[in-house]
Structures are given as structure tokens and as C-alpha cells.
There are 2 protein chains.
Amino acid sequence: MTRVPGYRASAVPPTLADVAELAGVSRQTVSNAVNNPDLLRPDTLARVLEAIDELGYSPNRAARNLRTRTSHLIGLRFAPVQEGTANATMDRFVHSLVETSSAAGYHVLLFPGDPQDPTAGYDALLRSTAVDAFVATDTYLGNPQAAWLESRRAPFVAFGRPWDNPEAHHPWVDVDGAAGAELATEHLIERGHQRIAWIGWRKEQLIGEDRRTGWTRAMRSNGLATSGLASRSEDTVASGREASAVLLDEAQPTGFVCASDTLAMGVLHTLADRGLVPGRDAAVVGFDDSQVAQVVPPGLTSVRQPLEEVAVEIVRALEGLLTQPPIRAGGVLLSPELIVRGTS
Amino acid sequence: MTRVPGYRASAVPPTLADVAELAGVSRQTVSNAVNNPDLLRPDTLARVLEAIDELGYSPNRAARNLRTRTSHLIGLRFAPVQEGTANATMDRFVHSLVETSSAAGYHVLLFPGDPQDPTAGYDALLRSTAVDAFVATDTYLGNPQAAWLESRRAPFVAFGRPWDNPEAHHPWVDVDGAAGAELATEHLIERGHQRIAWIGWRKEQLIGEDRRTGWTRAMRSNGLATSGLASRSEDTVASGREASAVLLDEAQPTGFVCASDTLAMGVLHTLADRGLVPGRDAAVVGFDDSQVAQVVPPGLTSVRQPLEEVAVEIVRALEGLLTQPPIRAGGVLLSPELIVRGTS
DNA sequence: CCTCCCCATTGGAACGATCAACTCGGGCGA
DNA sequence: TCGCCCGAGTTGATCGTTCCAATGGGGAGG
């Protein structure tokens, strides 16, 4: 050690060697105290731990990463949110993921996403071994990242089913959207509604189609008609407003089940336009239980995805993936719940 | 190289030495090609770059971090959001920060925060040299992180002024909340309102007090009375609802300026309770321009913080901080803007 | 008493990059 | 002609950790 004592000592973090010297053991023993305490005799372990504590030692991440070829970081593409929508799923999910992965010893690394090129960003992180694995979200749009990541043999877990690729054999976790829509529809039927409309997304959005089947299923199993009661549009407030206005004029529904909270807010706009009171004159159910649903008067009934559970399952899958040899789990499908509020 | 050719070659990323061998130069020359291209003769540079391209080489992050004592990561505490509030500031800010810092060559590392102990998590990352610097948000609550980080001589930039510590000399970026509230109040005055109420937070919330001064300033400079028109409460929809009901009964305001969108939503609840139409019977202005403000009927007028600019300034400050020697910038105060919608 | 084995611990090498100091020519001024 | 400097590359050391093989001591078994 040629370290000058006292001179900005706090700026130079202690190393294994420092701890070893203080405890009177070798570097490797200190390393074992940190990583494999079972290997040490109890008294030695105590002495080393004391030295670690006294110096305030933490293993240097870079050195450890270099040696173990591991970063304990999970990459997550954090694409810009679309303004003007109520979609907060992503942010709530990220919070859960940060908590859960931290408990498993991993941190979340965010990188920006180019909406035009869904695979941008992944490559650089992968080649520089900056992350151990990725969590791929928004895998519904033809799934380009998933296919790309698979072709690169990159470890990753998808939040979202590989809709268009049944042969995909990467682990994934998803929420049963059809079950959610069914829950919502059954709820309105119980409340006495018979003419219940569906407002969903364009047909290409496979998630939306999935949710729609839940509505269809509930209606049919209760012997209710669906014709003329379904509508598809963009995921914007304006589209939901327009679609609900047309539905009210042409099919006189008393209830609306929507593929998103954004669309449901559009319905609330239409009701306000016509002087109708949500919850009394017409029932509305949204999807995602966004903050909007929670604070808008009189409270928007909404399908809530169990994002905490999703995060737990994803981290579990990641851990399996990073084990030697990799345990290839299949998919996990979780059930959402319905949060009932004033609009129904 | 004792690498077995062909055997899982794709799983072992190429190193500097591989590139050097292929290009017929030394390791250091390849390193220079990546980091200091000016040092190379143009033809050598071209040859090296070609080899890099052919092998698909990217510098190993861990090795670089170890040698340079730098991680190019910025730590950000990502505390759980409070359910039931409309506060989306944090998430919008994170998006901006990810984009901006990426352009500057930095990635954002999220770590969980314990609401009970604001400094938890920072220490471990700091001592293991996992991040180069932190961005500290929510520095209003007596500023414990900021003080702690300063005492540790940790490089960080705060989003938020050091309210209670004028001697703090760390760089910070903030948005002028008083100016925002003043903007909102002036707007209602222009619209013809004279009795304009303020709904803010508990006095201990210095941010709330700051915003309140904007309301006071605008009222006084226009010769309008403020007595009996101000109220303070928790930042929840229920509190805003209650506060606005009391104000309506006791002071008959025609306009409400609120310290948050959450409180403003409470006002909308009260108006709905009484059959009053926001925008016609009473004007409401929120703060933060959350997604809720954007989608709720008839559209909530709100003060929008320039979070993109905030991110830019924060990254600028971080870069100054990580320069040798550190350039200690003071604070940067940005101006918000008012987004006018249906409620005013 | 010797051998064997196991436990606890040790020393050297390696991970892949950058830093610092050095070499080798060629050009230029005195 | 000599000496100096500068441009272009090279070489060895180093960052702090973990992997691997080896070491010494002590107890059990013959």
C-alpha cells in the first residue's frame, strides 16, 4: 500500500486488501467472508466482518463484474409515454420491478427507446455486457424485440405473450385480459345491465382482441346479444368519446366496457356532453386502474392488473434464466381483479 | 488466445486483443481508436474501425469501469408512488432524464426507496462505486438526502431547491412554483374572477408554501382580497373535496387555484356533488399537468413543469460535477407554463 | 506411529480495459 | 552533422475482485 494516510482518505474506498490486512487474513478469505461465509471458521468470520464494518467496505462492483462476467443489472427499455392517454401501467410496473429485483440482488437499468426502432439500444448494452438480461415490455406489436433477442440468444423475459409466434420458447409473464373483460362484463350484468357495449382497439392490437373475447364470452354465456354493440378505435380520449356517442345513438347501451381507461374517459366525456350522470344513467368500466380511474369523479370502475405479481414472476423467471444451466420456464398467466367505483 | 474456434463463439464477446490481432496493431491502438481517434493516422484508424466492425466489438463495460473508476451510471431513487393521487411528475421526469442522460453517455440506474428512510440505498451504491452520481428528487422534506449526500461528498444534483439550508452548495435545478401559481391566478383574474381561492398543502411542505406566495402576489397586485380564501390540507382527493366544500360555503369563491392536480380533482368532486359545472359555474386550475388533467372532462387547466428542460439542466450540472476539477454550478430555476383547458 | 483425508486458509493468475512511460523514425533548426 | 522534438505506436503495469490449485494442521483409522 502506497496510500498516503489521511490525505482524502474518505475519497478512496477501502479494498479487499485493506480489510485483509486489518483482519490479519488473506484477500481470498475476506472474499469468502462476503460470498461464502460457510467456508470460514466462526471466529475468523467474526474478525473479518468486524474489519469490514470498521472500514466501511463494500465490494467494488466493476471489479466483481469483470471477474464474474455478471453485472447484476437488468435492462429495461423505457419508451416515452404517449401524452394525453391514461396509460400508467408501465410506470406502476417499473416501480414493482425495481422493488422486486432489488430484493433478488438486481438493479434496473433504464435505456431510451426509439419508437421507430424497437430493437435500438438493446444491442449496445448486450455487446458491452452491461446488463445480465432484459425485461421486454410492449411485446404485442408483432413482437420485434422478442424475436430479435431470441436470435441473439440474449437472456430476457417478456411481459406479454408471444401472440404471433406460438413457437417462441422464451419465458414470459402476462395478465389474462379476456378474464378481466369478462369480470367487468359480468359485473355490469349483475348490476342489471343487458345492453352492454364494448369499446376496444384496432383489430391489429392483439391484446385488445383478447380482452374483447372476454366481453363476448360473458355476453353469450348470459344469453345477451352483442351485435351492434362493439366498436373499435384508436386508444385516445377523443376516439372513445366519438365511439360512445355513436353507440348511444345507434344501440342505446346502458353499460360500457372499455379496453382502456383512456377510452373509458372518452365515454365519460360523452356522458357529460349529454348531461348524463355516470353510474346512474350509464355504467362505465375501464381497464388498467390508472391514477385517472382513482381520482376522477365519481371514481372509474376498472380492471386492475396485478403488476406486483407480474414483477415477482418476471424476477423469478430471470433468476431461472441466469442459473447454470438455464431453467427454461414457459409462460405464466395471471388473473386481474375488478376495482369497483362510482361509475358502475 | 486459447479460445476454441467455433465452439459457442457467439457467446464469448470479442475483446480488445481480438481486434488488435485482426487489425495488426497493439491493444492500446485499438483503445485509442475508440476513445481518442485523433491520435491515429487516418489509414490506421480505418483499418482498426473495420476490424471492430467485423468482429462486432464493444468495449467491456466492467473492465472499463474498473480501470477508469467510472461507471457512467446515474443513480435515481424510485420510490413507490402514492396510490390515489394524480402525481405523475416523477414518471414524466424519469423519461426525460433517461433520454437526456443517454445522449450524454450515461444510463439511469433505479434503486428502491424506503419511504421511512430516505437515505437508504444511496450508501450501498456509493460505496461499491456502482454509480458516478445521483439525482436526488423530492428534496423538500427537510432535505435529508441532500444533507447526507453532501456529508458523504457524494456527487449529486438535486431536483428541488435546498429550502431549509441556504448554505448548501450543491448544484440544483428547480421549477418556480410561485411563478406557476401566479400564472394560474392571473389567468383566472383575466377571465373575470375576483374571488379566487387557494387550496394548498400543510405549512411544513415548503414547496406548497412557495406556490402559495404566487397566488398571494397575484391577488394583491390586482387589489383583490385573500382573507378567508386560503386553505391547507393533505395532498389527497378527499382533502381537496372537503376543503373546497368548506370554502364554497364560507367564502363563495368562483375560482380555485390548487397546489396539485390531486387537490383540483377534489374540487371537481365537490362541484359534481353540487351539480355545478366546472368551467361554467366555477373555474379550477391544478398543478403538474398530470395525465389526469389531460383526460378528465372537460379538461383540467393546469400548471405544467418543464421537465424536459429540468432533465437537460440536471445532466448539464452532472457533467460539470464529474469534470476534473468539478465545476460547482449553483442553482437553476426554470419557469413553468399554464395549459388552459375546459375548467377555466 | 504412519497414512489419509478433510477443513480452513493462502498465493498466484486472470478478467479486459486504460494509464504511463517508452521506442522508433523523420524532420528541422543551429 | 548533431541534437532535439514531435508524431505514431508499443509495452508493461494496474484497477479490485474471484477462480483455481495448493498448503499446512489436525483428527480418524489401521
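Biologist: Which helices each supply at least two residues of the surface near DNA strand D?
Modeller: This is a predicted model. In chain A they are helix H1 (16-23), H2 and H4. In chain B they are H2 and H4.

Biologist: How many residues sit around strand D, and which come nearest?
Modeller: There are 25 residues around DNA strand D. Thr15(A), Leu16(A), Ser31(A), Ala63(A) and Thr44(B) come nearest.

Biologist: And how do the residues of that surface divide by class?
Modeller: The surface near DNA strand D has nine nonpolar, 10 polar and six charged residues.

Biologist: Now DNA strand C. Which residues are closest there?
Modeller: Thr44(A), Thr15(B), Leu16(B), Ser31(B) and Ala63(B) are the closest. In total, 24 residues surround DNA strand C.

Biologist: Which helices each supply at least two residues near strand C?
Modeller: Helix H2 (27-35) and helix H4 (61-68) of chain A do. So do helix H2 (27-35) and helix H4 (61-68) of chain B.

Biologist: What are the classes on that surface near strand C?
Modeller: Nine residues are nonpolar, 10 are polar and five are charged.

Biologist: Let's switch to the protein chains. How many residues does each chain put into the contact between A and B?
Modeller: Chain A gives 51 residues and chain B gives 50 residues.

Biologist: Which parts of chain A each supply at least two residues of that side?
Modeller: H4, helix H5 (89-103), strand E2 (107-112), helix H6 (122-127), helix H11 (261-273) and helix H12 (291-295) of chain A each do.

Biologist: Where does the largest share of that side come from?
Modeller: From E2(A), with six residues. By class, the side of chain A that touches chain B has 28 nonpolar, 17 polar and six charged residues.

Biologist: Tell me about E2(A). Is the strand covered or open?
Modeller: E2(A) is mostly covered, with six of its six residues buried. His107(A), Leu109(A) and Phe111(A) are buried on one side. Val108(A), Leu110(A) and Pro112(A) are buried on the other.

Biologist: What does E2(A) pair with across the chains, and in which sense?
Modeller: E2(A) pairs with strand E2 (residues 107-112) of chain B. The pairing is antiparallel, over three bridges. Leu109(A) has Leu109(B) as its bridge partner. Leu110(A) stands opposite Val108(B).

Biologist: And which way does E2(A) run beside strand E1 of chain A?
Modeller: E2(A) and strand E1 (residues 73-78) run parallel, joined by six bridges. Gly75(A) in that pairing has Leu109(A) as its bridge partner. Leu109(A) also has its bridge partner Leu109(B) in E2(B).

Biologist: Over to chain B. Is strand E6 covered or open?
Modeller: E6(B), residues 196-201, is mostly covered, and six of its six residues are buried.

Biologist: Which way do E6(B) and E8(B) run, and how many bridges join them?
Modeller: They run parallel, with four bridges between E6(B) and strand E8 (residues 255-258). Ala197(B) has Phe256(B) as its bridge partner.

Biologist: What about E6(B) and E7(B)?
Modeller: Four bridges join E6(B) to strand E7 (residues 230-233), again running parallel. Ile199(B) has Ser231(B) as its bridge partner. From E6(B) the chain crosses through helix H9 (residues 206-221) to E7(B). That β-α-β crossover is right-handed.

Biologist: Last topic: chain A as a whole. How many helices and strands are there?
Modeller: Chain A has 13 helices and 12 strands. Of its 344 residues, 48% count as buried.

Biologist: What is the radius of gyration of chain A?
Modeller: Chain A has 26 Å, whereas a compact globule of 344 residues would have one near 20 Å. Along its principal axes, the C-alpha trace of chain A spans about 85 × 40 × 35 Å.

Definitions and conventions:
Residues numbered from 1 in each chain as written. Chains lettered and ligands numbered in written order. Predicted model: local features only at pLDDT ≥ 70, side-chain atom pairs only at ≥ 80, totals over all residues. Near = placed C-beta within 6 Å. Nonpolar A, V, L, I, M, F, W, Y, C, P; charged D, E, K, R; others polar. Rg over C-alpha atoms; globule rule 2.2 N^0.38 Å. Buried ≥ 20, exposed ≤ 12 C-beta atoms within 10 Å, placed from the backbone. Contact = placed C-beta atoms within 7 Å. Pairing = 2+ DSSP bridges. Right-handed = clockwise from strand over helix to strand, strands pointing away.
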